[in-house]
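This report covers local backbone geometry, ring pairs and selected side-chain environments. The structure comes first.

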Amino acid sequence: MRPSKFPPYVGVASIIAITAFIIANAVQLFSDPLRDWIVQMYTADPLRFIAASILILILIVAVAIWFEKYSGQGPENTGPPDPEGASTRFSQLFDNLNDDPKAREFIQATRQKEQRDLKHMILTVPEQSAFRAFLHVITFRRLFRPASVPIAVVTGIGGIGKTSLALFTGYDPRIKQEYHDGRFYFDAAGIYPEHENDTTAQVLFRFLVGAGIDNKQINQALGLPADEEDRARQFERLQKDDPDVTHSLQRLYVRSLIGRHRLIILDNPPNTADLSAFEPPKGNALLVITRPEHPLDKLRRMPQLRLKPMNEQESQCIIKREWPADPTISWNPDSPYKNICQRIHRLGSGIPLVVLVLSRMLKSEAEDGGSLEDADRYLARLECDHKAGAWTFSESLNRLMQLGYGDKPNRATVEKVFRLSYDRLTEEAQRMFRSLAIFGGLHFDERLAIKVGNGTDESFRQLRRSGLVERAPDSQRFFLYDPLAAFARTLLHQSKGEPQEVVARYAAFFADLADQTEARFCAASDQAERQAVVGTLAAEAIHLRRCRDALMESKQAPGLLLRLSASILGIIQHTPGDHNAHHASLGSSDEWEPAARRALTQVVESLSAQDRALYAGLSIFPGSFDVADACQVLAPIVDTVDDKKLVDFLAMGLLRQVEAHRYEVRYSIVRANVEEAFRQLPPDQQQAVGDAFARHYAQKAQQYSEESDVTAQTLFERDWAAICKGQAIALERAPDLDRELVIYANAQFSYRYILYDYGLPEPWLEAGLAAAERRADDANKALLLALNRAIVAERQQQWAESAQWYRQALDTPGAAPATRAVACNGLGYVAAEQQQWAESAQWYRQALDTPGAAPATRAVACLGLGVVAERQQQWEEAAWWYRQALDMPGAAPDTRARACNGLGYVAAAQQQWAEAAWWYRQALDMPGAAPDTRAVACLGLGVVAERQQQWAAAAWWYRQALDMPGAAPDTRARACNGLG
């Protein structure tokens, strides 16, 4: 669409307003007669009157549009004359192809399909759909205009052969016949710095001047005196970017082509130019040649031909044309160098310019050496350098980029052709493109490119729009053509220190990926999950190897190399004998172990004396630890340990982070090395660290025993390996660590009690009892007996044995009051289970009244008294005791939840269903309630729903109780009965 002074709706609104104004004035002047006449016509036939009014209005609008369209377009159809003396960027194609040196460069045997497609585009006007044609009619033919002329666009990266193909196609007999008034080529030079920001008006002006349009007409369009000859004044007028000037120049361009049959070939338009201004009138055609990044959205329905690299047969046509005819340096099918064409094509990625330059380079080598062997040797060197990492500079690839092939200063070498696209990128996109050199020959995804290139989504999209990055077929990955990767590599090594930064970012990305994969692999629950986890990493195997090679060759960042190789080594060694496809693609231990050992040696050698002591001491931890653990345990051999130091070890690859601020020694090779380092410490330091470790984890185990069941279980599971190791050290160091042995015995029982594992933990219990005996610690001995053997016997329903142990604990001289109260509660429970209600109540009251009893123990006594009253159907007393347990300050969360269950049972027994449901829900929602207590609450809610004949709700609650993890077997059996 050509630029207009006003949008269509402005013209239509103006016409309606003027018409209304005229009618209003007419009515005012001839009010009575005119009004009577209008009323009479409307009364006679209203429908016909309205239709006639609309048709008159449409006629007025159509006349106005026609006048606007054709005003000023007189018979002066001054077309481009013979281009002699015109601008060198504007030329008319010769009549004979042999007279055109630029078009003659094109090899007719190549691009056969592209030739046919482009010829069809130039000769065919795009058809408009019926729907768009309807919209065009109802918008007064101002919107949705159909294309009236062929418009084609050829795009592709620099050196792909766009201009050669377009010019060659211009010599096709059918095109010459169709556009018999001439085919005109105009290079707008928008890819060069001096013209890259030209406006539409400036491009039109240069076209008209080059075409030889009369200077007076140009001055008239610019609003200058007709005899103005000063180019400086003309350019000054153009720089104001006046829409009126652009519109005038565009109308002059159109007038120069009306009634003609010409093909306009517009090459390299600047991105700032509106290409719709170059749409010619009917009978002509427009062919635009541009790089992929040009915004083409304003061109109406133009077909686009995106040129891709040539195939091997097409490349061979170029190579053989450039190769010398001298038989001493030519090849034949039986020659040992018969695959040289294929190798040139592969190295040049089928880009015509690069294949051409590479052929000339090898031709020169063969001529200088006198045999094809010299060319083959040089080609092998190029291939070797290309396969080598981008972190090394290649003189031969740099020579390929710098070898001259043309006479234009801005297009004299491959590098300069590629640089025309590179220079138009933002600084961030340029940095990203240089970084992508590290992916030469590899595919990569957008996330990896952004990370390694230190860029953004927008900078990556800019590279894609420019054609410097291509999407791999049927994939979400991308790649660089090999010559573009070589160009990026040349640029990368022009920036001092940048190759090392790129390698570091590249390696850091995959070291993190390997770290995370190893953690997920170790946490996987089954073989299928492990294979799925490793499969993700195995897909990047080629990148992992390139990272390893880059770090080993550059001899930088041994920590990154250790993180990468040790993580992969840990995955490979984690499941010996597992030779599935994913593990096989990652490689073997023999492949990765040398890199890991070399990196570990470099890292350890770089540590200071204090850091080496810290490194050795970390072997004492069998699992994860935090900075507080390290400070307490390693205090005998290390002055200070802080979070920063552990983070440094993490960056070096010695540690692996398992969660926020918690670390563990890396598996496999690092773990073996750190254990050897600990064995090298003096014996007194080893013993001091061991004693500190045992004391520290005894203290932590005691703290965990005092937590709620859910929290304690989580903490015990996390540190259980360290607690077991601490107990073993304390047992070995008895009697010096007898106190810790007692604590470990109680801790193990607490952990087993939480897990409902009532098997007798004999080794730890016996060690704790022996330690308490040696310490003459009757209180702890009583506690061990009460909370271990007595409760275990109780859970096994061995009531007599359980009562015996509770009485022995109660009668032990020196037993603490709190321990005595616990024993009384135990005796009360045993009596209640044997339905000895009076004895049970007596023991519970004794526990409640024991001076020094813990609040939690007193709450359990109240709960027991409530159970005794409930079993005797003394509902009011039971509810009172349950409330006492619920409201007792310091009561454990599970005790309070069980009290709520008791209150719910009492309410249900009195058929107070709403109150019962409320108490059961309180128990269910109580934070810290044991799983079985919550299952009992679900069971109670099922009973309440059942008694109210709400069968669906009852079944749902029974299923909740049945499926509750951690529910007691008896509770689940009762739920099954309810469902039955």
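In this predicted model, F478 is buried, because its relative accessibility is 2%, under the 20% limit. F478 belongs to strand β8, residues 478-479. Apart from neighbours within four places in sequence, F478 is in contact with L442, H443, F444, D445, E446, F460, R464, V469, E470, R471 and A472. The C-alpha atoms of F478 and F439 are 9.9 Å apart, with the two positions 39 residues apart in sequence.

**Aromatic pairs**

The count of aromatic pairs is 28. One of them joins Y253 and F278, an edge-to-face pair with 5.7 Å centre to centre and 70° between the planes. Y253 is in helix α12 (residues 243-255) and F278 is in the loop between β4 (263-267) and β5 (285-290), so the pair ties together parts 25 residues apart in sequence. Y253 counts as buried at 0% relative accessibility, and F278 is buried with a relative accessible area of 1%. For Y422 and F433, the ring centres are 5.9 Å apart and the planes stand at 50°, so this pair is tilted. Y422 is in helix α18 (residues 414-422) and F433 in helix α19 (residues 427-435), which places them 11 residues apart. Y422 is buried at 5% relative accessible area, and F433 is buried at 0%. Ring pairs also link F90, F184, F186, F207, Y253 and F278 into a cluster.

**Charges over rings**

R183 has its charged end over the ring of Y171, 5.3 Å from the ring centre. In the case of K725, the charged end sits over the ring of F693, at 5.9 Å from the centre.

**Backbone features**

A cis peptide bond connects A734 and P735, with omega about 5°. P735 is in the loop between α34 (709-732) and α35 (738-754). Positive phi values occur at Q873 and at Q949, neither of which is a glycine. The table gives their values and locations.

| Residue | Phi | Loop between | Relative accessibility |
|---|---|---|---|
| Q873 | about 60° | α41 (855-871) and α42 (875-887) | 56%, exposed |
| Q949 | near 60° | α45 (931-947) and α46 (951-963) | 58%, exposed |

**Cysteines**

How many disulfides are there? The count comes to 0, taking a disulfide as a pair of cysteine sulfur atoms within 2.5 Å. C824 is buried at 1% relative accessibility, and C862 is buried at 2%.

Note on methods
Residues numbered from 1 in each chain as written. Predicted model: local features only at pLDDT ≥ 70, side-chain atom pairs only at ≥ 80, totals over all residues. Heavy atoms only, no water. Helix = DSSP H or I, 4+ residues; strand = E, 2+ residues; numbered from the N terminus. Buried < 20%, exposed > 50% of the residue type's maximum accessible area, 1.4 Å probe, protein only. Contact = heavy atoms within 4.5 Å. Phe/Tyr/Trp six-rings, centres within 6.5 Å; stacked < 30°, edge-to-face > 60°. Lys NZ or Arg CZ within 6 Å of the ring centre and 35° of its normal.
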